[in-house]
Amino acid sequence: MSFQSPKGTKDVLPEEQPYWERVETAARRIARLYGYERIDLPVFEDTGLYKRGVGAGTDIVEKEMYTFEDKGGSSITLRPEFTAGVMRAYLENGLASRPKPVKVWSIGPVFRYERPQAGRFRQHTQFNVEAIGESDPALDFEIMSVAFHLYEELGFRDLSFQINSIGCPKCRPAYLEKLSGYFSSRKADLCSDCGQRLVRNPLRLLDCKNPACQAGIAAAPAISDSLCGECESHFRTLRSFLDDRKRPVTVNHRLVRGLDYYTKTVFEVWAEGIGSQNAVCGGGRYDGLAEAIGGPATPGVGFASGIERIVLTLKQQAAADQAPSRPRPAVYFAHLGAEAGRQAVALAAECRAAGIETVMGFGERSLKAQMREANTRGAVRVAVIGESEIAARVVQLKSMEDGGQSSVPWAELTAILKAGEAGA
Ligand code: HAM
């Protein structure tokens, strides 16, 4: 075969689906528990939405977007994140007239042209949660709680919750000036990327991973000392909610995040062992986003969590006996001879109509081969039909668990399988 899946993408095969289902089921349940409703958006948007929303100088917009011109000459971008699209939909559909905050969640693919490595893909899937229209720090706490609750529900241990406040347009400029001044006097010690960040986005210097920059970053001025009264009080109130609920969070002055729309609260959740880019979740408040894309001032807060990284964490942390198992059909029809094959088709249809998960053998294969297949598929029982069973209008029903076997009339089969399912 001459093709492979594109670099940085992966196929999620059937055996991995139970993990995905467990995560998606938990995500839906928790979203509902907190009163969030589902919203689905297009997978592509006008490129300008991300340039203005996420920020033209960010790595995402500068280096990572899948942007193309469509046949009508419009510049289109596959979504590199949800938040700008959710805000676009909120403004476009008049959701502002609904009771605030408007609380919505989505699950879907996100595209970023990144260097692929463990836990980092060019197509990944986000569980994205947003609450729009309210600036109360209790809402920041609620959004963080949705993430906490999800990971708790999945049984995660050893997660590290990091929070910071990166201020607002009132207080951040003075801090950025202070930061630029500090790093300018140490320019010679900075890596080449940080040399550029110093000019374009000095805040991002703080999360540089290059060992050469670490000493300078450790001694850099912290934004917490430069917050305005409003940002300081917002952050203090959020921390008091987290303390009251005994949430294990660390205030991390270096946490700045890679999207320009954030104001005040930013947070991430880190897990060991999911690769170098090890955030399972990232989010924060974005009170300036609506204006940046041409709408009225509208506060908002949210987070997104990569399902691939959640599944990786689940696989690493869940004990082997807790691993989700593949679905097991209740019955497999094995048949010998053309007439028996026809009868298997009819009985399988009856079973499915009765809601019994049913599979059957195809083609003309030996009973041994069909038993092997039933075993591989994890069938709970096998119903065997041959010439003598046709004559007597029965199947030989064999338990794959204890090997017990009995002759069951066709007319009683669905009732017996249902009773067996209930007892299983
Ligand atoms: P983000 O931190 O860029 O934030 O991405 C959120 C999460 O998506 C990450 O924590 C990670 O779990 C996952 N993720 C990101 N990039 C990749 C990748 N290349 N491969 C695998 N997983 C990845 C945002 O996207 C913001 N829109 C979150 C947000 C919502 N802020 C407010 N509301």
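Me: What share of the 424 residues of the protein counts as buried?
Reply: The share is 50%. Buried means a relative accessible area under 20%, exposed means over 50%, and partly exposed lies in between, with a 1.4 Å probe and only protein chains considered. The model is predicted: local features need pLDDT of at least 70 and side-chain atom pairs count only at pLDDT 80 or more, while totals for chains, interfaces and linings use all residues. Residues are numbered from 1 along each chain as its sequence is written, and side-chain values use heavy atoms, with hydrogens and water left out.

Me: Why is the protein called more spread out than a compact globule?
Reply: The protein has 15 helices and 16 strands, where helices (H or I, at least four residues) and strands (E, at least two) are DSSP runs numbered from the N terminus. Its radius of gyration is 28 Å, and the globule rule gives 22 Å for 424 residues; the value is well over the rule, so the protein is more spread out than a compact globule. The radius is taken over C-alpha atoms, and the rule is 2.2 Å times the number of residues to the power 0.38. Along the principal axes, the C-alpha trace spans about 90 × 50 × 45 Å.

Me: Which domains is the protein divided into, and how far apart do their C-alpha centres lie?
Reply: Domain 1 covers 14-171 + 227-321, and domain 2 covers 331-423. These bounds come from an automatic or database domain assignment. The two C-alpha centres lie 48 Å apart.

Me: Why is Ala31 called buried?
Reply: Its relative accessible area is 1%, which is under the cut-off, so Ala31 is buried. Ala31 belongs to helix H1 (residues 17-33).

Me: What does Ala31 touch beyond its sequence neighbours?
Reply: Leaving aside residues up to four places away in sequence, Ala31 touches Tyr36, Trp105 and Phe127; contact means heavy atoms within 4.5 Å. Val129 is 98 residues from Ala31 in sequence, yet the C-alpha atoms of the two are 8.0 Å apart.

Me: What makes Leu150 count as buried?
Reply: Leu150 has 0% relative accessibility and therefore counts as buried. Helix H5 (residues 137-153) holds this leucine. Outside the four-place sequence window, Leu150 touches Val23, Ala26, Ala27, Ile30, Phe127 and Ile310. Of these, Ala26 is 124 residues away in sequence, with a C-alpha to C-alpha distance of 6.6 Å from Leu150.

Me: Why is helix H11 called mostly covered?
Reply: Eight of the 11 residues of H11 (residues 307-317) are buried. Among them are Ile307, Ile310, Val311 and Leu314, as well as Glu308 and Arg309.

Me: Lys264 and Arg393 both have phi near 55°; which is buried and which is exposed?
Reply: Lys264 stands at 7% relative accessibility and so counts as buried. Arg393, at 53%, counts as exposed. Lys264 is in strand E9 (residues 263-271), whereas Arg393 is in the loop between helix H14 (387-392) and strand E15 (394-399). For Lys264, the phi is a positive value in a residue other than glycine, and this also holds for Arg393.

Me: How do you know that the peptide bond between Lys100 and Pro101 is cis?
Reply: Omega of this bond is about 5°. Pro101 is in the loop between helix H4 (83-92) and strand E5 (102-111).
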